[in-house]
Amino acid sequence: MTAFAHEAAPRPAVLQAQGVTMVFGGLTALNDVSLTLEEGQIVGLIGPNGAGKTTFFNCLTGLYTPTRGRVLLDGSVMPNDPAHVTIAGVARTFQNIRLFPNMTVLENVMVGRHSRMKQDPVSTLLRLPAFKRGEAAARERSRELLEFVGLTRSENEVARNLPYGDQRRLEIARALATDPKVLLLDEPTAGMNPQETEATRQLIFAIRESGVSVVVIEHDIKFIFSLCDRVCVLVQGELLVEGSPEVVRADPRVIEAYLGKPPEEVEAEVREAAAAVEHDKGERS
Ligand SMILES: Nc1ncnc2c1ncn2[C@@H]1O[C@H](COP(=O)(O)OP(=O)(O)OP(=O)(O)O)[C@@H](O)[C@H]1O
Ligand SMILES: [Mg+2]
């Protein structure tokens with residue numbers, strides 16, 4: 001019996017990156033990176049600053065067209081522009097938060113929702129009943145999502161006035177409003193205090209429970225090792241190691257190239273994180 005239930009049986013691949021290479025001028029930011037995300041998995045992507053993590057997300061979401069390699073969603077080649085990637089079912093958040101700062105919290109989520117709505121220009125322009133029904137449904141779904149991420153009380157606040165941690169959660173709600181199959185989170189806990197970080201970890205578990213598969217970039221290894229079913233380590237654009245948290249944290253190459261800490265220290269942090277997972281499981285069952 002493995003400690004991580006989601007590791008047990010292979011599931012269908014929802015997202016596959018195959019040999020993704022991204023060259024900027026003379027710089028190879030990604031070199032032949034392959035990654036498979038199975039349905040219902042949470043995969044972590046870690047690596048030092050400049051390793052290529054965000055570039056990889058940009059290649060997965062059509063912001064960049066890889067120099068070589070391809071990305072498949074449910075076995076089909078992903079469209080190569082961000083709007084079509086969203087419609088295909090991949091949503092993301094950004095390392096540098098990208099909200100509409102002068103719109104309200106609710107309006108920000110409704111913008112995400114609009115990518116899923118059938119746009120009939122006549123009905124929209126004339127504000128016919130079909131348009132109004134669509135808007136009402138979008139508003140209702142957006143409110144549900146705000147409740148899900150814990151921002152109900154802030155729905156009428158202007159986004160730029162929210163505390164930083166709430167802005168990150170709002171970005172997650174907006175991404176979820178597009179009804180994704182896959183959610184890509186780029187440093188979702190950056191700048192958060194330990195309580196907010198823990199709330200975000202629980203939120204990501206809940207997102208997985210709702211049927212969305214997740215790839216998450218983070219520098220906080222305790223967070224990653226206690227959250228993810230699989231962890232991929234990117235160093236200088238190359239996938240150095242990938243595997244279960246247990247395998248990755250014990251790999252001498254990871255300790256040397258990335259963690260940069262003595263194995264005992266890494267082990268102690270990870271033991272603490274694993275205990276937190278067991279504790280959660282006890283509470284959830
Ligand atoms: N549009 C671009 N043009 C040129 N170089 C780029 C571009 N985007 C990224 N790079 C370079 O690619 C490399 C990888 O950057 P990236 O932002 O993907 O790293 P990262 O792993 O996300 O780092 P961090 O942990 O600091 O966010 C860096 O050397 C960066 O300068
Ligand atoms: Mg980055």
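This report covers the metal site, nonpolar cores, salt bridges and backbone outliers of a predicted model.

## Magnesium site

Two protein atoms serve as donors to the magnesium ion (ligand 2): OG1 of Thr54 and OE1 of Gln95. They lie 2.0 to 2.1 Å from the ion. The two residues are 41 apart in the chain, so the site links distant parts of it. Thr54 belongs to helix α1 (residues 53–60). Gln95 sits in the loop between β6 (90–92) and α3 (105–114).

How accessible is Thr54? Its relative accessible area is 25%, which makes Thr54 partly exposed. Gln95 falls in that class too, at 30% relative accessibility. Both values fall between the 20% limit for buried and the 50% limit for exposed.

## Nonpolar cores

The largest nonpolar core has 42 residues. Leu170, Leu183 and Val216 touch the most other members. Two domains feed this core, each giving at least three residues: domain 1 (1–89 + 181–285) and domain 2 (99–179). A second, separate core holds 27 residues. Met22, Leu35, Val43 and Ile217 are among them.

Leu183 repays a closer look. Leaving aside residues up to four places away in sequence, Leu183 touches Ala91, Arg92, Ile172, Ala175 and Leu176, among others. Its contacts also include Ile207, Val212, Ser213, Val214 and Val215.

## Salt bridges

How many salt bridges does the structure hold? There are ten. Three are described here, beginning with two inside helices.

Arg169 pairs with Asp166, with 2.7 Å between the closest N and O atoms. Both residues lie in helix α6 (residues 164–176). They are three residues apart, and therefore separated by about one helical turn. Asp166 is buried, at 14% relative accessibility. Arg201 pairs with Glu198, and here the closest N and O atoms are 2.9 Å apart. This pair lies in helix α7 (residues 194–209), again with a spacing of three residues, about one turn of the helix. Which partner is buried and which is partly exposed? Arg201 is buried, with a relative accessible area of 3%, whereas Glu198 is partly exposed at 33%.

The third bridge joins Asp251 and Arg253. Their closest N and O atoms are 2.9 Å apart. Asp251 counts as buried because its relative accessibility is 11%, under the 20% limit. Arg253, at 46%, counts as partly exposed.

## Positive phi angles

Most residues other than glycine have a negative phi. Asp74 has a positive one, near 50 degrees. Asp74 is placed in the loop between β4 (68–73) and β5 (76–77). With a relative accessible area of 38%, Asp74 is partly exposed.

Asp179 also has a positive phi, near 55 degrees. Where is Asp179 found? It is in the loop between α6 and β7 (182–186). Asp179 is partly exposed, with a relative accessible area of 35%.

Notes
Residues are numbered from 1 along each chain as its sequence is written. Chains are lettered from A and ligands numbered from 1 in the order in which they are written. This is a predicted model: local features need pLDDT of at least 70, side-chain atom pairs count only at pLDDT 80 or more; totals for chains, interfaces and linings use all residues. Side-chain values use heavy atoms; hydrogens and water are left out. Donors are N, O and S atoms within 2.8 Å of the metal (3.2 Å for Na, K and Ca); water is not among the atoms, so sites may look incomplete. Helices (H or I, at least four residues) and strands (E, at least two) are DSSP runs, numbered from the N terminus. Buried means under 20% relative accessible area, exposed over 50%, partly exposed in between (1.4 Å probe, protein chains only). A nonpolar core is a set of buried Ala, Val, Leu, Ile, Met, Phe, Trp, Tyr and Cys residues joined through side-chain atoms within 4.5 Å. Domain bounds come from an automatic or database domain assignment. Contact means heavy atoms within 4.5 Å. A salt bridge is a side-chain nitrogen of Lys or Arg within 4 Å of a carboxyl oxygen of Asp or Glu.
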